[in-house]
Every structure is written in structure tokens, then in C-alpha cells.
Amino acid sequence: MDMRKYNPAMIATYSRRTAEDNSAYVLPLIKPDMRILDVGCGPGTITLGFAAHVPGGSVTGLDANSTAIESAGDLCKERGVKNASFMVGDAFKLPFEDNSFDIVHAHQVLSHLPGGEDGPGPLRGLKEMRRVCKPGGFVCARDVEWNSIVIYPPTQGVMDFLALIQKLATHAGKVVVGGRGREFARRAGFSPQDILASAAAVTYTNEDGRKWAGENMARRLEASSDLKRGVELGFVTEEAAANMANAFREWAKEEDAFYCMFDGQIICAK
């Protein structure tokens, strides 16, 4: 999905994220006076979570999407957070001097970055994140490994969609990062001994979780251009595309429905 074009369902998804739940691996690194950059911050929920851990420091959230930044700014004011700020920006051209931040963080961002003449998107993004990280600081990133997804029952429209998004990503020159974080970090200039890789599971198994995931995913599909693009490129038929959104709703109704995927996590010391 084009991360510059968030729809309301996408904002709803990203607004559920918290530093404690989605970036717990980063929290032990944080000291009260640190300066943190959150690249691809979306509506800012993780960013503001970090802010609570740096009362003597500051957090900056950056995203390519102006709607997300507006939502983040509103949430910041609503919560009365004084040490956080948000701005629209490009992950490949971060508007900061070298060695500016103690921690540079990205959650589910690298897989969305397109490749270029200078390499695949994740590599380009990590190089820029490394540039603005201070010596002695940390670059931290977490991304899904699509090949790890387990869905039961394997509802046809849901499985068709998972296959489609991988085809669309490949067509757009994007790379699945989850299990390759260590590789891209090494290629971005980090020493192998300074890269710590781990994994975290995301699951939807209880009734409330399944219901939310199914409905939200259906709404995301109905509001996005991915299905139309897939049909135009010949990756999926119109009939199959039309069934995908409701397939998520039907999957969520299954009493034994189960969804699990793994995210790869890296901590890179500079």
C-alpha cells in the first residue's frame, strides 16, 4: 500500500499501536534525556509513547503523509505532551544534520520503501537513519515477514489478498524485510557484532481481536486502490478482487479463526 495515501481505516489500524506493545524491544535502550526520531510515525501513538520515557529529552515524529501528521499533532495536543513534535518529511532525505539523534526508530516502514539506483528501499532507508544517528546511539526497526503468516481457516479471498500484496510490492520494487533486517543493516554500514536481531509475534485469536482485524482489513481494502491496481496489472481477476474485503469479514466470524505473523526486529548500535 502507498504509505503516502492513508485512508481512515489505515489510520485506525496504526492508532492502535503503542510503544509498550509494538516497540517494547526499544524501551530498555531509552534514557530520560535522549533525543529520539520516529521515522514513518503515522498518527503518532508510538512516538508519544516514547515521549513519556524521555522527560528530559525530546521525540520527533516524521511521516510522508500529511493526514497522519495532522492526526499526530492533534493527539499530541489532546494528551498535553510538550516534548514531542511532528513533521512531514521524506525517509530518504531526513531534514537533520548528521549525528542528531540518540535513537532512530521505524515501525513497519522499511518494507514500504521503494528501491532505487542506489539499492533496495530498506537499505536506502537504513543508511539515512544511520546518518542521523549519533555515535553510541541506536537504529531500531521492526517489519513484518509476510512468509510467516498463519491463517486458519485458509479463507480463499484472504489468501488471495496476501498473495496479491506480495505481487504488488515486488512490482513496485519493494522488498520484504522481516527476516532480512540483519542483512540490510550490515549493508547499511553497521558491524555485524553491533546488530541484534529478534522477532515478535502478532496474533488475533480471541473474538474481539478477530472481529476488529477482519472488519478493519475489509474497510482498508474497500478504501484503497490496491485491488484496482491488481486487476489492471493482471495479478488478480475482477471477481476475485471483489470478494476479498468480505472474505476478511467471513474469516472473522469463524469460531476457530486464528491469525499469526512474525515481525523481525533489529537494534543496530552505531
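I take a salt bridge to be a side-chain nitrogen of Lys or Arg within 4 Å of a carboxyl oxygen of Asp or Glu. With that cut-off in hand I searched the whole structure, which is a predicted model, and the search returned twelve salt bridges.

**Entry: salt bridges**

I looked up Arg-124 and found that Asp-118 is its salt-bridge partner, with 2.9 Å between the closest N and O atoms. I then checked the surroundings of Asp-118, which is partly exposed at a relative accessible area of 48%.

I turned next to helix 7, where Arg-187 and Glu-183 both lie, four residues apart, or about one turn of the helix. These two residues form a salt bridge whose closest N and O atoms are 2.9 Å apart. I noted that Arg-187 is partly exposed, its relative accessible area being 35%, and that Glu-183 is likewise partly exposed, with a value of 25%.

In helix 9, which covers residues 226-232, I looked at Arg-229 and Glu-232, and because they stand three residues apart in that helix, about one helical turn separates them. The salt bridge between Arg-229 and Glu-232 has its closest N and O atoms 3.7 Å apart, and this pair counts because the cut-off is 4 Å. For accessibility I recorded Arg-229 as partly exposed, at 37% relative accessible area, whereas Glu-232 is exposed, at 51%; Glu-232 earns that word because exposed means over 50%.

I also traced salt bridges that share partners, and these join Glu-215, Arg-219, Glu-222 and Arg-249 into one network.

**Entry: nonpolar cores**

Which residues touch the most other members of the largest nonpolar core? I found that this core holds 29 residues, and that Leu-37, Val-39, Val-104, Leu-126, Met-129 and Val-139 are the ones with the most contacts to other members. I then asked where the core residues come from, and listed the elements that each supply at least two of them: strand 1 (35-39), strand 4 (101-107), helix 5 (121-132), strand 5 (133-152), helix 7 (181-187) and strand 7 (258-269). Helix 5 gives the largest share, four residues.

I followed Leu-126 further and, leaving aside residues up to four places away in sequence, found that it touches Leu-110, Val-139, Phe-184, Ala-185, Ala-188 and Ile-266. Apart from this core I noted another, made of 26 residues, with Met-217, Leu-221, Ala-240 and Met-244 among them.

Note on methods:
Residues are numbered from 1 along each chain as its sequence is written. This is a predicted model: local features need pLDDT of at least 70, side-chain atom pairs count only at pLDDT 80 or more; totals for chains, interfaces and linings use all residues. Side-chain values use heavy atoms; hydrogens and water are left out. A nonpolar core is a set of buried Ala, Val, Leu, Ile, Met, Phe, Trp, Tyr and Cys residues joined through side-chain atoms within 4.5 Å. Buried means under 20% relative accessible area, exposed over 50%, partly exposed in between (1.4 Å probe, protein chains only). Helices (H or I, at least four residues) and strands (E, at least two) are DSSP runs, numbered from the N terminus. Contact means heavy atoms within 4.5 Å.
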